[in-house]
Amino acid sequence: MSQVAELVVDNCRTSDGEVEGLTDDFKELEFLSMVNVGLTSLAKLPSLPKLRKLELSDNNISGHLEMLSEKCPNLTYLNLSGNKIKELSNVEALQNLKNLKSLDLFNCEITTLEEYRESIFELLPQVTYLDGFDQEDNEAPDSEADDDDDDDDEGEDGAGPKGDYEDEDEDEDEEGSEGGEVGLSYLMKERIQDEEDDDDYAEEEEEEQKAGVQGEKRKRDAEDEGEDDEDDDDDDDN
């Protein structure tokens, strides 16, 4: 359990505010999701020093969030949407989460307060994104997309698996281009060979025709000579 980095226990029921099996043994936990588990308090949350993202939406939490800074001091993302948080005083304890960058209070009654967003950003200056948007209404980047960008950067630097893959692709492209040139040369050679074969065939045919003509001529000459011999014999007889 000490090696587990992500844990999802959504829709599990708690016993007296405690999720069975969730203990201090999860020292390496970085992401925890406890959506719709019936939580009313965080008093029994175990100590999770490396936790960065905590999903607590659709529970019955109304306040007493000071436990978060004690148990999860390195939180950067906190989702409390769909809980019973009504007043600014309910979230004031989050000031102690110095690394908190993203806070979600969507579908909480506090969102109906006048100048709700301005008040939260003023109360929690370390927060960059509230309900998915910053103070200029720019949408928060997708965390998975960020991870992909990090992977892309590593690939561009030539470090990690992606760099290796790119080298292999380049080798394949080079081989493919060479193969294309060889193929073209081969085709040209084939075409030249075909033309030479055609020329040879034409020459052979021409020679055969000449031979045929000469044969016919010799045949006619022989016949003419035979006729002349017959005429000479006739004259001798007379």
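A polar contact is a pair of N or O atoms within 3.5 Å; within protein, one atom must be able to donate a hydrogen and the other to accept it, and residues adjacent in sequence count only if both atoms are side-chain atoms. The model is predicted, so local features require pLDDT of at least 70 and side-chain atom pairs pLDDT 80 or more, while totals for chains, interfaces and linings use all residues. Residues are numbered from 1 along each chain as its sequence is written, and side-chain values use heavy atoms, with hydrogens and water left out.

**Exercise 1. Determine which backbone oxygen the side chain of Ser69 approaches, and describe the surroundings of Ser69.**

Step 1. Ser69 belongs to helix H1; helices (H or I, at least four residues) and strands (E, at least two) are DSSP runs, numbered from the N terminus.

Step 2. A polar atom of the Ser69 side chain lies 2.9 Å from the backbone oxygen of Glu66.

Step 3. With a relative accessible area of 18%, Ser69 is buried. Buried means under 20% relative accessible area, exposed over 50%, and partly exposed in between (1.4 Å probe, protein chains only).

Step 4. Leaving out residues up to four places away in sequence, Ser69 touches Asn96 and Leu97; contact means heavy atoms within 4.5 Å.

**Exercise 2. Establish the order of helices and strands along the protein.**

Step 1. The protein contains four helices and six strands.

Step 2. Along the sequence they follow the pattern β-β-β-α-β-β-α-β-α-α.

Step 3. For contacts with a separation of 6 or more, 48% join residues 24 or more positions apart. Of the 238 residues, 26% count as buried.

**Exercise 3. Identify the residues that touch the most other members of the largest nonpolar core, and trace the surroundings of helix H2.**

Step 1. A nonpolar core is a set of buried Ala, Val, Leu, Ile, Met, Phe, Trp, Tyr and Cys residues joined through side-chain atoms within 4.5 Å. The largest one has 41 residues, of which Met34 and Leu105 touch the most other members.

Step 2. H1 and helix H2 (116-123) each supply at least two residues of this core, and the largest share, four residues, comes from H2.

Step 3. Beyond its neighbours within four places in sequence, Leu105 has contacts that include Tyr116 and Ile120 as well as Leu80, Ile85, Val91 and Leu130.

Step 4. Tyr116, Ser119, Ile120, Phe121 and Leu123 are buried in H2. Their cover includes strand S5 (102-104) and strand S6 (129-130).

**Exercise 4. Find which residues other than glycine have a positive phi, and state where they lie.**

Step 1. Most residues other than glycine have a negative phi.

Step 2. Asn11 has a positive phi near 70 degrees. This residue is in the loop between strand S1 (6-8) and strand S2 (31-33), and Asn11 is exposed at 52% relative accessible area.

Step 3. Asp58 has a positive phi of about 60 degrees. Asp58 is in the loop between strand S3 (53-55) and helix H1 (66-71) and is partly exposed, at 44% relative accessibility.

**Exercise 5. Count the disulfides in the whole structure, and compare the exposure of Cys12 and Cys72.**

Step 1. A disulfide is a pair of cysteine sulfur atoms within 2.5 Å; the search finds zero.

Step 2. Cys12 is partly exposed at 35% relative accessibility, whereas Cys72 is buried at 0% relative accessible area.
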